[in-house]
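Got the model loaded and a selection box ready? Let's take a walk through it, one stop at a time.

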Amino acid sequence: MSRSIFFAGLSGGGLQKPRESDIVRDLKLLCRDQLNVAHDAFRALVNLSDSPLTISPLSEPAFVSFLVSYIINPHAILADLASMLLSNLTSSSAACNILLNLKITAIPDTRLPNGIFTVDSRSASCPAPVPYPSEKEISVSALPLLVDAFVQGATIGDIKDLEKRKRKGELHFLANVFANLTVSPIGRNYFLSPQPTNVLKPTENLGFPLSRIVPFTEHRDQIRRGGVASTIKNCAFLATGHKCILSPETTQIAIPPNPTTAPGIDALPYLLLPLAGPEEFDLDDQDKLLEPLQFLPPTKQRDPDPSIRLTLIETLTLLCHTRWGRDYLRAHGVYEIIRVAHEHESNENVAEHIEKLVQLLKGDEPERALPEGEDIATLEVDESQVDRPAYFAPVGGVASALTQLQSQNQSAEVEEAKKVDEDDEDDRIEEI
């Protein structure tokens with residue numbers, strides 16, 4: 001009954017967008033207020049964002065720009081709540097489209113750990129630097145800065161004193177934002193297109209954004225691990241990106257039709273490590289394994305979350321849908337790892353998907369010859385075929401919300417790729 005108060009005045013139907021109520025508008029403004037007030041306002045919006053009626057007013061560009069700018073700012077005390085809200089909003093395609101094209105106003109400032117001050121982040125819980133930055137304002141893409149913030153937030157969890165942290169928030173929920181963005185072809189293309197690692201130096205140190213987040217498949221936080229696993233899986237639906245996803249960092253590679261090259265993502269070790277245990281292999285099998293998977297310590301454990309294990313198996317299955325991908329996985333010990341994982345798998349659904357993967361790896365290959373030089377075909381799929389994690393906090397508050405959020409299932413079933421006639425066996429997605 002109490003929640004109904006917040007939906008009073010909200011309406012929408014057909015082609016009409018839901019209108020913003022006075023309460024929602026006021027809560028958005030209160031997110032910029034003093035710390036205690038802003039904390040409760042963010043909490044309320046996280047709890048309300050499970051309703052389609054609030055998604056539209058909360059996804060208007062000005063508020064999304066504030067949220068993103070606030071998350072990027074290292075001094076934002078409530079950045080974790082803001083990233084949780086952004087995760088909920090990006091469960092809708094409208095918010096994803098805004099974020100994928102969002103540019104924010106920023107000022108270079110070497111005093112900040114990320115070297116840039118986001119102007120719209122200024123609020124009572126995130127004051128501007130003193131003295132105010134003297135450089136000129138510039139307009140920069142938001143996504144590279146969000147990826148930067150996500151990477152920086154991964155290492156601060158052990159520092160309990162906020163004053164000693166270079167960044168106040170751990171930003172684990174940004175992993176779900178990235179997973180939601182990669183539901184769309186535009187999002188996948190961004191994470192699989194060479195981008196500068198520093199927005200202030202757009203022509204230097206190009207790399208694939210996906211390569212910056214794949215190492216977190218073994219992070220201690222379940223939300224971060226699951227969101228990253230879903231992001232990799234969603235990107236694997238782009239057949240042109242398979243060689244890039246699997247190739248080592250020592251290989252410069254381009255993803256057609258973009259001719260720009262960057263170091264390979266080398267995702268395979270990060271897909272296999274959460275599936276690997278402490279078991280020893282004989283020397284022949286050991287030689288097939290990638291170096292990070294050799295001689296694992298006796299304390300090594302598999303990921304305890306079956307939904308994350310399932311997502312990783314589904315990703316490997318997708319990478320098997322090109323001949324090049326199957327050959328690469330066979331040559332680098334994937335079968336050896338998942339064979340042992342199957343022996344220790346207690347979840348029936350995960351075990352069934354492992355068996356399907358084994359069929360692709362160990363099955364006979366077609367004998368027909370294929371013309372050389374064919375381009376890789378792009379496989380795009382309906383949104384129902386990719387993961388769109390969404391986490392809505394219960395009305396009870398943040399503490400109970402985090403407990404419930406960490407137990408939710410993130411994965412979706414992998415649907416079979418459509419068979420394409422006269423496809424290139426090396427490059428096109430095909431059924432075996």
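Start by selecting residues 395-432, where pLDDT (the predictor's confidence in each residue, from 0 to 100) stays under 50. For this stretch the model has 106 contacts beyond four places in sequence, a contact being heavy atoms within 4.5 Å. Now pick residues 369-382: pLDDT is below 50 there too, and the stretch has 26 contacts beyond near neighbours in sequence. Zoom out, and the protein averages a pLDDT of 84, with 81% of the residues scoring at least 70.

A word on ground rules: this is a predicted model, with local features needing pLDDT of at least 70 and side-chain atom pairs counting only at pLDDT 80 or more, while totals for chains, interfaces and linings use all residues. Residues are numbered from 1 along each chain as its sequence is written, and side-chain values use heavy atoms, leaving out hydrogens and water.

Switch to cartoon and you'll find 20 helices and seven strands; these are DSSP runs numbered from the N terminus, helices being H or I with at least four residues and strands E with at least two. Of the 432 residues, 54% count as buried, meaning under 20% relative accessible area (over 50% is exposed, in between is partly exposed; 1.4 Å probe, protein chains only).

**The sheet**

Next, select 103-108, 116-118 and 138-141. Strand β1 is 103-108, while β2 (116-118) and β3 (138-141) are the edge strands. What is the strand order? It's an open sheet, β2-β1-β3, with antiparallel pairing. Each edge strand has a single partner, so one side of each is left without a neighbour in the sheet. The twist averages 50° from one strand to the next.

Two strands pair if DSSP finds at least two bridges between them. β1 and β2 are joined over three bridges, and β1 and β3 over four. Click on Ala106: Thr118 in β2 stands opposite, and Ile138 is its bridge partner in β3.

Add helix α8 (residues 142-153), which lies across β1, β2 and β3 and runs at about 70° to β3. That angle is between N-to-C directions, from 0 to 180 degrees, using axes fitted to C-alpha atoms, for helices over the stretch in contact.

**A loop visitor**

Now show Val199, in the loop between β4 (195-196) and β5 (206-207). Val199 is partly exposed, at 21% relative accessible area. Which residues does Val199 contact, leaving aside neighbours within four places in sequence? Ile116, Val140, Pro144 and Leu145. Draw a distance to Pro144: the pair sit 55 residues apart in sequence but 7.1 Å apart C-alpha to C-alpha.

**The cores**

A nonpolar core is a set of buried Ala, Val, Leu, Ile, Met, Phe, Trp, Tyr and Cys residues joined through side-chain atoms within 4.5 Å. The largest one has 111 residues, and Phe42, Leu146, Leu210 and Leu316 touch the most other members. Colour helix α5 (residues 61-72), which gives the most to this core, with eight residues. Then centre on Leu316, whose contacts beyond four places in sequence include Leu268, Leu329 and Leu357. Apart from the largest core lies another of five residues, among them Ile107, Phe117, Val119 and Ala128.

Last stop: helix α6 (residues 79-89). Ten of its eleven residues are buried, so α6 is largely enclosed by the rest of the structure. Show Met84, Leu85 and Asn88, which are among the buried ones.
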